[in-house]
Amino acid sequence: MFDQFTTDPYSFDEVTSSPITPVTPSQDVLRLGRLLPRSIYLGCASWNFPGWKGIVWGETSGVEDLTKRGLTAYCKHPVLRAVGIDWSFFGTLNEMSYAAMANQVDENFRFLIKAPQSVTDAVKRDPKGRFRSLNQDFLDLHAAMHEFVYPVINGLGENAGPLVFQLSPIPRPLLPTQAECYSYIDRIAQFFADLPKEVEGEQPVYAVEVRTLSIYTKRLLNALRPSGVRLVVGVHPSMPDVIRQTAALRYYEDPEAQGEDWKMKGPLVVRWSLNPIQRHGVAKMTYAPFNKIVHPDPATRSGIVHLLDIAQKSNQKSFVITNNKAEGCAPLTMIEIARDVVNKLSSEKDAQLDPRTL
């Protein structure tokens, strides 16, 4: 008797291991890709999720070994022009690893890469994230250059987007006084001042994401400003909301600016890591397999679109990276943000052409 589970050429195992192919985009998504300004780079925090079949991967695509073979299909999505490399935070990657990724994309694609925590965390932690000892390599320039900057620039070349230094929360016992806070601020500012402006003929875009609220102050912003490092808008429950971070970015760009009349002086960098109503572990269980938007967050989307609009008016590039744990499905979140951006730019253009506004 015919046994479909062992002889059918379209059995589950065969489809799982079949070639990874890009999804055939809808006309709506193709339209968004055409109308989205080329200076806006939207992307996801990674690309290796089987649940994206029919969203990023073709319906008959395999989902085996997406980490090694999925990027070629991911980068063909009309809206997804960038991707985040988060796993570099947990261990260093070499030049060959970055080059292998660059070889899978075209010259218009960008990577947003996180620096290793061996350089960006003031302490060494146990598996549960608790303080274990001081980290002697914290903000060590030599380590940052040889373990991160050089491999990224040499491996990715023109595909390198922002190099993000996510500064992990500094434990409270290390900041007992205002003087200790000031000391850390000075140390952070000096590190970014010392990073070279040119590396191997390229001009890296350095960005800093500060996760310690006690030092996320005007004093820190004033100290960082001369270095030109970009201030990351990090959407995470441990951080202020987008509105407050937008105010911080406005002050960073121009301390005298008021209201909406201000310009960005460098690229916009946004990382939407986690829905404000969720914890990381809970979000992962709630949102898996990450194939639909579960908890829409229109307020955060609106704040990000507002920042993208300011960046466009400032003639600056924008990089927005979203995690599945933001709303449930990162690619769908990016499509909605692209739609909001296109609609906003279209309405502003129509307003300029409307004779009643002349």
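This is a walk through the fold of one protein chain, from its overall build to single residues. The model is a predicted one.

Start with the whole chain. It holds 15 helices and eleven strands. Its radius of gyration is 21 Å, close to the 21 Å that the globule rule gives for 358 residues, so the chain is as compact as a globular protein of that length. Along the principal axes, the C-alpha atoms fill a box of roughly 80 × 65 × 45 Å. Buried residues account for 51% of the 358 residues. Contacts across the sequence are plentiful in the tally: among contacts with a separation of 6 or more, 76% join residues 24 or more positions apart.

Next, the surface. The chain exposes about 17400 Å². Carbon and sulfur atoms supply 53% of that area. Charges come as 39 positive and 39 negative. Their mean positions lie 5 Å apart.

Now go inside, to strand 3, which holds leucine 112. Its relative accessibility is 1%, so leucine 112 counts as buried, the cut-off being under 20%. What does leucine 112 touch, beyond its neighbours within four places in sequence? Its contacts are Val83, Gly84, Ile85, Pro162, Val164, Val269, Arg271, Phe319 and Ile321. Alanine 160 sits 48 residues away along the chain, yet the C-alpha atoms of leucine 112 and alanine 160 are separated by 6.9 Å.

Follow the chain out of strand 3. The loop between strand 3 (110–114) and helix 7 (117–120) contains proline 116. Proline 116 is buried, with a relative accessible area of 3%. Setting aside residues up to four places away in sequence, proline 116 touches Ser88, Phe89, Thr92 and Phe148. Valine 208 is 92 residues from proline 116 along the chain, and their C-alpha atoms are separated by 13 Å.

Strand 11 (residues 318–322) offers another interior position, threonine 322. Its relative accessible area is 0%, so threonine 322 is buried. Leaving aside neighbours within four places in sequence, threonine 322 is in contact with Gly43, Cys44, Ala45, Trp272, Ala330, Thr333 and Met334.

Turn to the helices. Helix 11 (residues 242–253) has twelve residues. At 1.5 Å a residue they should span 16 Å, and the end C-alpha atoms are 16 Å apart, which agrees. Its buried residues include Val242, Gln245, Thr246, Ala248, Leu249, Tyr251, Tyr252 and Glu253. Which elements cover the buried residues of helix 11? Among them are helix 10 (218–224), strand 8 (230–231), strand 9 (233–235), strand 10 (268–272) and helix 13 (298–313).

Helix 13 deserves its own look. It has 16 residues. From first C-alpha to last it reaches 22 Å, close to the 22 Å expected at 1.5 Å a residue. Its buried residues are Thr300, Arg301, Gly303, Ile304, Val305, Leu307, Leu308, Asp309, Ile310 and Ala311. Just after helix 13, asparagine 315 takes a positive phi of about 60°. On the other side, the loop between helix 12 (280–287) and helix 13 contains proline 289. A cis peptide bond joins alanine 288 to proline 289, with omega about 5°.

Two further loop residues have backbone angles to check. Leucine 139 lies in the loop between strand 5 (131–134) and helix 8 (141–156). Leucine 139 is not a glycine, but its phi is positive, about 55°. Is leucine 139 buried or exposed? At 9% relative accessibility, leucine 139 counts as buried. Glutamate 200 lies in the loop between helix 9 and strand 7 (206–210). Its phi is near 50°, again a positive value in a residue other than glycine. Glutamate 200 is exposed, with a relative accessible area of 56%.

End at helix 9 (residues 178–194), where glutamine 178 has its place. The relative accessible area of glutamine 178 is 56%, so it counts as exposed, the cut-off being over 50%. Glutamine 178 and leucine 345 are 167 residues apart in sequence. In space, their C-alpha atoms are 45 Å apart.

Definitions and conventions: Residues numbered from 1 in each chain as written. Predicted model: local features only at pLDDT ≥ 70, side-chain atom pairs only at ≥ 80, totals over all residues. Heavy atoms only, no water. Helix = DSSP H or I, 4+ residues; strand = E, 2+ residues; numbered from the N terminus. Rg over C-alpha atoms; globule rule 2.2 N^0.38 Å. Buried < 20%, exposed > 50% of the residue type's maximum accessible area, 1.4 Å probe, protein only. Contact = heavy atoms within 4.5 Å. Areas by Shrake-Rupley, 256 points an atom, 1.4 Å probe, with all protein chains shown as cover. Lys, Arg positive; Asp, Glu negative; His and termini not counted. Charge placed at Lys NZ, Arg CZ, Asp CG, Glu CD. Expected span 1.5 Å × (residues − 1).
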